[in-house]
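Thanks, everyone. I'd like to walk through one structure today, beginning with a strand pairing and ending with a pocket.

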Amino acid sequence: MNQFTPYNIYGIIGYPLGHSMSPLIHTTSFQDYNIPAVLVPFATPPQEIAALFKSVRLLNIRGLCVTIPHKQTIIPYLDEVTEHVKKAGAANLVYWHGDKLCGDNTDIVGFMEPLKSKKLSAEYNKVLLLGAGGAARAAVVGLQELGYTNITVTDIADDSAQILANEFNLKTIKWEDRGEVEAQIIINSTPLGMTGKFEDQTPYKQAWFKGKGVAYDIVYTPYNTRFRQEAEQAGWESISGREMFIGQANAQFKIWTGKDLSERAKQAVIDALTKK
């Protein structure tokens with residue numbers, strides 16, 4: 001008789017969780033490597049975070065992906081965090097290191113990879129960042145690590161943009177004036193365009209795309225957001241949030257297991273998102 005090996009439990013926490021592809025990409029990879037583990041969704045309202053982390057420690061849950069709105073609020077519940085968490089002020093990964101519960105921010109690595117692979121010329125040096133929330137913080141850390149210094153941030157809430165600008169030495173512009181900024185890289189870190197009530201919206205008008213550039217949408221559902229479609233129609237290149245999602249998930253899986261995501265898992269997400 002074969003000895004039964006209980007499954008290790010991993011989770012993703014957020015609220016709500018309807019759009020997450022994390023269970024698909026991680027559980028498929030666990031299966032492909034014959035790792036007895038599964039990643040399951042834990043829809044966790046903000047008021048239940050303290051109880052959730054008690055459960056993580058009590059039940060020895062082996063790791064967590066973290067999404068909106070918990071990336072900043074979980075930090076006090078961790079024993080240690082990486083420099084990326086300290087820089088971004090946000091964590092999207094929880095893992096054990098010995099008996100310490102630790103946090104990392106793999107959004108930064110995931111964000112940087114598609115830009116690095118583009119090998120953009122030096123003339124692509126002005127960046128406009130739309131939105132100043134948690135995803136924007138990861139984008140700014142990644143941009144600055146890649147050497148971008150001319151970054152303008154704007155948000156519908158002026159105070160949010162100013163706080164981010166003060167912390168990272170960025171320029172700001174009022175939301176209603178965002179079309180006037182000269183930029184060769186424009187990044188959408190708002191939820192505008194995301195599947196649901198914002199799907200038919202875009203943070204940037206097609207007429208504002210001038211010359212050549214790269215439009216990077218952090219939104220990954222649907223795959224073809226209005227922001228990206230209109231950028232391409234204007235002659236710009238685009239980067240999908242799908243690339244960032246797979247990149248950050250790969251970094252998560254590697255921290256947990258020492259392995260890259262399986263090709264089948266990555267393809268499963270590509271297939272699922274392309275259909276949306």
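Take Ile 13 to begin with: its bridge partner is Val 66, in strand 3. Please keep in mind that this is a predicted model. Strand 1, residues 8–14, runs parallel to strand 3, and four bridges join the two.

What does helix 1 pack on? Helix 1, residues 22–32, lies on the sheet and touches strand 1, strand 2 and strand 3. The direction of helix 1 makes about 165 degrees with that of strand 2.

Now the whole sheet. It is open, has six strands, and its pairing is mixed. Reading across, the strand order is 2-1-3-5-6-4. Which strands sit at the edges? They are strand 2, residues 37–43, and strand 4, residues 80–81, and each of them pairs on one side only.

On to the pocket. The largest pocket has a volume of about 960 Å³. Its lining counts 42 residues, and those closest to the centre are His 19, Thr 67, Ile 68, Lys 71 and Met 194.

Where does the lining come from? Strand 3, at 63–66, is one of the elements that supply at least two residues each; helix 5, at 134–145, and helix 8, at 241–257, are the others listed. Helix 8 gives the most, with five residues. So much for the elements; next, the classes. The lining has 18 nonpolar residues, 20 polar ones and four charged ones.

One link back to where I started: strand 3 pairs with strand 1, and strand 3 also supplies residues to the lining of the largest pocket. That's all from me.

How values were computed: Residues are numbered from 1 along each chain as its sequence is written. This is a predicted model: local features need pLDDT of at least 70, side-chain atom pairs count only at pLDDT 80 or more; totals for chains, interfaces and linings use all residues. Side-chain values use heavy atoms; hydrogens and water are left out. On a 1 Å grid over the protein atoms alone, a cavity is a set of points where a 1.4 Å probe fits but cannot get out, and a pocket is an open set with protein on both sides within 12 Å along at least five of seven lines; lining residues have an atom within 4 Å of a point. Grid points are joined across faces, edges and corners, and a volume is the space filled by probe spheres set on the points. Ala, Val, Leu, Ile, Met, Phe, Trp, Tyr, Cys and Pro count as nonpolar, Asp, Glu, Lys and Arg as charged, and the others, Gly among them, as polar. Two strands pair if DSSP finds at least two bridges between them. Contact means heavy atoms within 4.5 Å. Axes are lines fitted to C-alpha atoms, for helices over the stretch in contact, and angles run from 0 to 180 degrees between N-to-C directions.
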